[in-house]
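Morning, everyone. I'd like to walk you through one model today, so please have the sequence and the structure open.

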Amino acid sequence: MAFPQAEPELEAREGDDALVKDEIHLRSYMEAALGGILAINRGGRIVFVNGHTEQMFGYSRSELLGENLAVLIPERFRENYASAFRPYFAAPNVQLLGMEMGLIALRKNGEEFPVEVGLSFVEGQAGPIALGFVTDVTDRRRIRNDLSRMNTELEHFAQVVSQDLQEPLRVITGYLDLIHRRYRGTMNVEAEEFLDVVAKGASRMKERIENLFNFSRIAAVVPSFHVVRSELILQTAMDDLKAMIGEKSAEVTWDPLPEIVAHASLLAQVFQNLIANGIKFNDQSIPRVHISATDHGSEWVFSVQDDGIGIEARHFDRIFQMFERLNSSELYPGYGVGLAISRKIVERHKGRIWFESKSGEGSTFYFSIPRQDNFNQVR
Ligand code: ADP
């Protein structure tokens, strides 16, 4: 057996009424708890289980008490778990296990299931005790998997639809173009006006479909993350923004930026979208945008700050949705996809994107990218 040998059972000291009362209270709290609770002594023996643990693992209390914890762990993981468990008593702390990768537990009937375990530590009368708060995360895992499968299907659907729609639309715009070239000047004014409206509608539709296609394609990109200087990524975005910066006489500045692990061309799109928005939604004679990055230990947080028109707090949730816009397209042209795409890209890097803003006082968009050393763990 990989776990250490058992120690004598925990015994309450006789005659110590207060302690006994405390223990009775504690036990009834644990009994009422919604999740499984079990206590393990230094020897790896189970010294307490609540009713939920019995139900979860399919053992009765009497079968579990005094047993080695190993009975609740599939054979192939026992050595791993044991070597993680042993040092726990040397340096006990409160921690949550299984959040990301998931721990696997074993029921009496041989069934395996994913769990999350919160570990805590108490000094018992017969030595230190590890308290495990066990949650069966089968349903949560299933829902998460279903959601991610549905998202993938939706993205696939969006990709197929946008691809399929492009072809008939090409025919429509092609023929509209032909009518224009062949019959312009021979039709009456009203017919020409109608045709113009149709042509404008078709070109808006074309842009939308292309945007939808680009959005869904991000999900399909095979991730290839490399160590890159984020300043180079920003530079790529700046090259594409040259015309806009010139037109609006904008000033874009930045602090030294770190080396990160990223998908360079995808992340360039994020910089480009955020900077372009900072310039576009800006009525200053010289729109100013500043980019910087802060080291937050496990991640870098980039910020793109502008002195533009700002965003009202009540729209905070909306603007990252596809095709959501707050301003009229006459004043501020656009399709409402830049932020949806940016969010998708940042999430593919296991980061988050958010912003702070006050109407009329500019906005700062933030996005985080996990640091290199954390990257493999979080991906
Ligand atoms: P688009 O720029 O094409 O409209 P986005 O998805 O990039 O689409 O942005 C969605 C909406 O969020 C914009 O239409 C605008 O109303 C608001 N927005 C985005 N960035 C800013 C900004 N820096 N300042 C003010 N409003 C912004």
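What percentage of the 379 residues in the protein chain is buried? The figure is 39%. Bear in mind that this is a predicted model.

Let me start with the overall picture. The protein chain has 10 helices and 13 strands. Take the contacts between residues at least 6 apart in sequence: 62% of these join residues at least 24 apart. The surface comes next. About 21800 Å² of the protein chain is exposed, and 53% of that is supplied by carbon and sulfur atoms.

Now the ligand. How many residues surround the ligand? There are 21, and the closest are Asn277, Asp306, Arg325, Asn327 and Leu339. Three elements each supply at least two residues of this shell: helix H8, residues 264–280, helix H9, residues 338–348, and strand S13, residues 363–370. Which of the elements gives the most to the shell? That is H8, with 3 residues.

Let's look at individual polar atoms around the ligand. Asn277 places a polar side-chain atom 2.8 Å from a ligand oxygen atom. The side chain of Asp306 has an N or O atom 2.9 Å from a nitrogen atom of the ligand. Gly338 uses its backbone: an N or O atom there lies 3.2 Å from an oxygen atom of the ligand. How much of the ligand does the protein bury? On its own, the ligand exposes 530 Å², and 97% of that is buried by the protein.

Stay with strand S13, please. Two serines there deserve a stop.

Ser363 is in S13. Its relative accessibility is 4%, so Ser363 counts as buried. The side chains of Ser363 and Ser357 are joined by a polar contact of 3.0 Å. Leaving aside neighbours within four places in sequence, Ser363 is in contact with Val304, Gln305, Asp306, Gly310, Ile311, Glu356 and Ser357. Note Asp306 in that list. Asp306 is also among the closest residues to the ligand.

Ser368 sits in S13 too. Buried or exposed? Ser368 is buried, because its relative accessible area is 1%. Not counting residues up to four places away in sequence, Ser368 touches Glu299, Trp300, Val301, Val346, Gly351, Arg352 and Trp354.

That brings us to Glu299. Where is this residue? Glu299 lies in strand S11, residues 299–306. With a relative accessible area of 16%, Glu299 is under the 20% cut-off and is therefore buried. Which side chain makes a polar contact of 2.5 Å with the side chain of Glu299? It is Arg352. Beyond its neighbours within four places in sequence, Glu299 has contacts with Thr294, Arg352, Ser368, Ile369, Pro370 and Arg371. So much for direct contacts. As for C-alpha spacing, Glu299 and Phe367 are 68 residues apart along the chain, and their C-alpha atoms are separated by 9.9 Å.

Next, the backbone. Most residues other than glycine have a negative phi. Two residues here are worth a check.

Ser249 is not a glycine, yet its phi is positive, at about 50°. Ser249 is found in the loop between helix H7, residues 230–247, and strand S8, residues 251–254. Ser249 counts as partly exposed because its relative accessibility is 43%.

Lys350 is the other one. Its phi is near 65°, again a positive value in a residue other than glycine. Where is Lys350 found? In the loop between H9 and strand S12, residues 353–357. Lys350 has a relative accessible area of 46%, so Lys350 is partly exposed.

Last stop, out on the surface. Which residues make the nonpolar surface patch of about 300 Å²? Ile143, Leu147 and Met150. Ile143 has its place in helix H5, residues 138–183. Why does Ile143 count as exposed? Because its relative accessibility is 54%, and the exposed class covers values over 50%.

To recap, briefly. The protein buries 97% of the area that the ligand exposes when taken alone. H8 gives the most residues to the shell. In S13, Ser363 is buried, and Ser368 is buried as well. Glu299 in S11 has its side chain joined to that of Arg352 by a polar contact. Ser249 has a positive phi, and so does Lys350. Thanks. I'll take questions now.

How values were computed: Residues are numbered from 1 along each chain as its sequence is written. This is a predicted model: local features need pLDDT of at least 70, side-chain atom pairs count only at pLDDT 80 or more; totals for chains, interfaces and linings use all residues. Side-chain values use heavy atoms; hydrogens and water are left out. Patches are made of residues with over 30% relative accessible area and no salt bridge: like charges are joined within 9 Å, nonpolar side chains (Val, Leu, Ile, Met, Phe, Trp, Tyr) within 5 Å. Accessible areas come from the Shrake-Rupley method with a 1.4 Å probe; for residues, only the protein chains shown count as cover. A salt bridge is a side-chain nitrogen of Lys or Arg within 4 Å of a carboxyl oxygen of Asp or Glu. Helices (H or I, at least four residues) and strands (E, at least two) are DSSP runs, numbered from the N terminus. Buried means under 20% relative accessible area, exposed over 50%, partly exposed in between (1.4 Å probe, protein chains only). Contact means heavy atoms within 4.5 Å. A polar contact is a pair of N or O atoms within 3.5 Å; within protein, one must be able to donate a hydrogen and the other to accept it, and residues adjacent in sequence count only if both atoms are side-chain atoms. A residue is near a molecule or strand if one of its heavy atoms lies within 4 Å of it.
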